[in-house]
Amino acid sequence: MAKNEVEVELGDGGHIISATSSCWGESPRAKSPAPFLSKTYDLLEESGGVVGAGAGEDHGRKTSNIVSWNVEGKGFIVWSPAEFSELLLPKYFKHNNFSSFIRQLNTYGFKKTSSKRWEFKHDKFQKGCRHMLVEITRKKCEPSVFPPFLKAAEENSGLQLMEENKSLRREKMELQMQIAQFKALEDKLLDFLARHMGDSHNKV
């Protein structure tokens, strides 16, 4: 509450009186970071825990082997995208789509800083500086803008599907060959049985 003092002069020789008026000011509401940023930060701060241990098991996979802050604490690295998608994304984001996670990072202005690994940085996203998360805002980008690292993720996913498709085709061909071989063997056995039964009948 702030108080303003007002002085009023009353005529010649009059007394000077003072009055106070009060005014109330509302303090600005505390700004909260976007849920995606908070969850990603929590995920990294909690790295070092164990995930993937089943009921009654004492062992699992340390999350720091899957994702962690980089050495400087000014970025983070997803060491194992497959395990990250399987074990951590469902826990924090209720989905297991790594490409979707990367797309969100791009939306908030994160940059991929290495061509050899999944390392991301943002000037306001640093270890021990949670208070800076409120300064990270969504960026407005044209729908046609497709970041190279996101494109790489989509291409990798597409290549994996193509490889799986080729593998399935090979397996199908192998199975068809085996079926043909079994069919030929079946025909030979039937022919042999027919001739054997014919010879037996003639002898009788």
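**Exercise 1. Find which residues of helix α1 are buried, and what they pack against.**

*Solution.* Start with the helix itself: in α1, the residues Phe36, Leu37, Ser38, Thr40, Tyr41, Leu43 and Leu44 are buried. Here, buried means under 20% relative accessible area, exposed means over 50%, and partly exposed lies in between (1.4 Å probe, protein chains only). Helices (H or I, at least four residues) and strands (E, at least two) are DSSP runs, numbered from the N terminus. Next, look at the partners: the buried residues of α1 pack against β5, β6, α2 and α3.

Before going on, a word about the model. This is a predicted model, in which local features need pLDDT of at least 70 and side-chain atom pairs count only at pLDDT 80 or more, while totals for chains, interfaces and linings use all residues. Residues are numbered from 1 along each chain as its sequence is written, and side-chain values use heavy atoms, with hydrogens and water left out.

**Exercise 2. Work out how far the prediction can be trusted along the protein, using pLDDT (the predictor's confidence in each residue, from 0 to 100).**

*Solution.* Take the average first: the mean pLDDT of the protein is 76, and 66% of its residues reach 70 or more. Then compare elements: confidence is lowest in strand β2 (residues 16-23), with a mean of 39, and highest in β8, at 95. Residues 1-28 have a pLDDT below 50, and beyond near neighbours in sequence this stretch has 27 contacts in the model. A contact means heavy atoms within 4.5 Å. Finally, pLDDT also stays under 50 over residues 53-59, where the model has 3 contacts beyond four places in sequence.

**Exercise 3. Put the strands of the open sheet in order and describe how they pair.**

*Solution.* Step one is the order: 4 strands form the open sheet as β5-β6-β8-β7, with antiparallel pairing. The edge strands, β5 (67-69) and β7 (111-112), each pair on one side only. Two strands pair if DSSP finds at least two bridges between them. As background, strands of a sheet pair through backbone hydrogen bonds, either parallel or antiparallel.

Step two is to walk across the sheet:

- β5 is joined to β6 (residues 75-78) by 3 bridges, and Trp69 stands opposite Phe76 in β6.
- β6 and β8 are antiparallel and pair over 4 bridges; here Gly75 faces Lys121 in β8.
- β7 and β8 pair over 2 bridges, again antiparallel, with Lys121 in β8 as the bridge partner of Lys111. These two strands form a hairpin with 5 residues between them.

**Exercise 4. Place helix α3 on the sheet and describe the surroundings of Phe101.**

*Solution.* Helix α3 (residues 98-107) lies across β6 and β8 (118-121), and runs at about 25° to β8. For such angles, axes are lines fitted to C-alpha atoms, for helices over the stretch in contact, and angles run from 0 to 180 degrees between N-to-C directions. Now turn to the core: the largest nonpolar core has 27 residues, and Phe76, Phe84, Phe101 and Phe125 have the most contacts inside it. A nonpolar core is a set of buried Ala, Val, Leu, Ile, Met, Phe, Trp, Tyr and Cys residues joined through side-chain atoms within 4.5 Å. Residues up to four places away in sequence aside, Phe101 touches Phe36, Thr40, Phe76, Phe84, Leu89, Phe93 and His95.

**Exercise 5. Is Phe93 buried or exposed, and which residues is Phe93 in contact with?**

*Solution.* First locate the residue: Phe93 belongs to helix α2. Phe93 counts as buried because its relative accessibility is 13%. Leaving aside neighbours within four places in sequence, Phe93 is in contact with Phe36, Lys39, Thr40, Leu43 and Phe101. One of these partners, Lys39, is 54 residues from Phe93 in sequence but 7.7 Å away in space, C-alpha to C-alpha.

**Exercise 6. Describe the setting of Asn70: its place, its burial and its contacts.**

*Solution.* Asn70 lies in the loop between β5 and β6. Its relative accessible area is 7%, so Asn70 is buried. The side chain of Asn70 reaches the backbone nitrogen of Lys74 at 3.0 Å. Not counting residues up to four places away in sequence, Asn70 touches Gly75, Phe76, Ile77, Glu119 and Lys121.

Definitions and conventions:
Polar contact = N/O pair within 3.5 Å; in protein donor to acceptor, adjacent residues only side chain to side chain.
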